[in-house]
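Biologist: Hi! Could you walk me through this model before I get back to the bench?

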Amino acid sequence: MSGPAILLSLLFGTSVVMTIALAIAFAHFGRQRHVLTWTASYAVGVLQWLANAAGFFLQSAAMFIVTGTALVVSASLLAIGIRQRSSRRVNIMAFAAPAAIVCIMIAVAIGFFGNQVLQGMIIPTYVGLLLLVSAASLWPIDRAMTPPEKAFFAFLILFALCQLALAVSATFIRSASEGKDLYRNILSLGMPTIYVGTAVSAVLVVAGDLAQQLRSQMRHDPLTEVLNRRGLEEAASQAIAQARRHGRPLSLVICDLDGFKALNDNHGHIAGDHALKGFAQLLILAVRRGDIVGRFGGDEFGLLLQDSDAQAAADVMERVRLEVAHLSLPKVPESTLRASFGGAALLPEDLTLEDMVHRADEALYSAKKLGKNRVSIAGAA
């Protein structure tokens, strides 16, 4: 088998494997939009390498036009998928319009002028610039890159540089034979490794996203989307350590909805679910960035308020208590929701969250005993 045949077989096989792997990931792991877009990108890549092989072995201008068009479409879909994953705005026309212009230029260069030098300059230049933009879009705005993202970013840069090197080398082609060796060497030596590396790193990014999604699901309550008991305990461990390290106050508030069982019994579990979700959102909006909201179970929630003593926490919860009665929720009768709150500050002898929970629970019990719909602080008269 000749060198070009081996090269094209490798690139074709990589595209097939990536299409299948990403299609499975999309179908079975969350149906994320960017994974579907990347699946389409590599599916077009399958067509691209088939057309490339046909063009090379049959010396067909039409197949080379299909190859160039497919490469532009595949690169555009990869770039769109990266922006989708980064939650950035995607303007389809911003990708479609230049891609269409480049495809027309390819058709004119090959179909009318039979000039493969222009083809070798136009396509790599556009794809290289598009990949550089894609790499910039991959960079997270509000966090550090994960290891899979770093690998994907690096291969995108290498892919872009390889394409731009191809475009530059095409300018040295003077005849059917002169100057082509440099172009072919860059294509045969650089492209397979970089193309496979980009594909593998993209799969690692999808796998990393899936792992992060599973970790998030393990730590979050699916109904209210706040932390569950496990997540709350993990976050509390870090918050307590940080409070001790910097000598700052930390308070825990435990709260629940008064008469939640009666609401479920009289109006159904759907009404109860709406009440829990509405109450959770109210708690999230009431606290600051960095504070922690979690659900212990049932209608009982816990809040860790950083840089807040028990009285400051009680003031925040008093505002929440007043707002609960004004929540307007589907299936929940108006003015039926009330809540009670028990707060406790971090003490020097507290070792874990359970130490604070014990005192906050006692304060909550005191609030219930005194008539509900009130805020109580552990140790307060």
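Modeller: Sure, let's take confidence, then a strand, then a serine. This is a predicted model, where local features need pLDDT of at least 70, side-chain atom pairs count only at pLDDT 80 or more, and totals for chains, interfaces and linings use all residues. Residues are numbered from 1 along each chain as its sequence is written, and side-chain values use heavy atoms, with hydrogens and water left out.

Biologist: What pLDDT does the chain average?

Modeller: The average is 87, and 94% of the residues score at least 70; pLDDT is the predictor's confidence in each residue, from 0 to 100.

Biologist: And where is confidence lowest and highest?

Modeller: Helix α7 (residues 180–219) is lowest with a mean of 84, while β3 is highest with 94. Helices (H or I, at least four residues) and strands (E, at least two) are DSSP runs, numbered from the N terminus.

Biologist: New topic: which strands pair with β4?

Modeller: Strand β1 (residues 250–258) pairs with β4 in the antiparallel sense over eight bridges, and strand β5 (residues 375–377) does so in the parallel sense over three bridges. Two strands pair if DSSP finds at least two bridges between them.

Biologist: Now Ser308: buried or exposed?

Modeller: Ser308 is buried, because its relative accessibility is 7%. Buried means under 20% relative accessible area, exposed over 50%, partly exposed in between (1.4 Å probe, protein chains only).

Biologist: Nice, and where is Ser308 found?

Modeller: Ser308 lies in the loop between β3 (300–306) and α11 (310–324).
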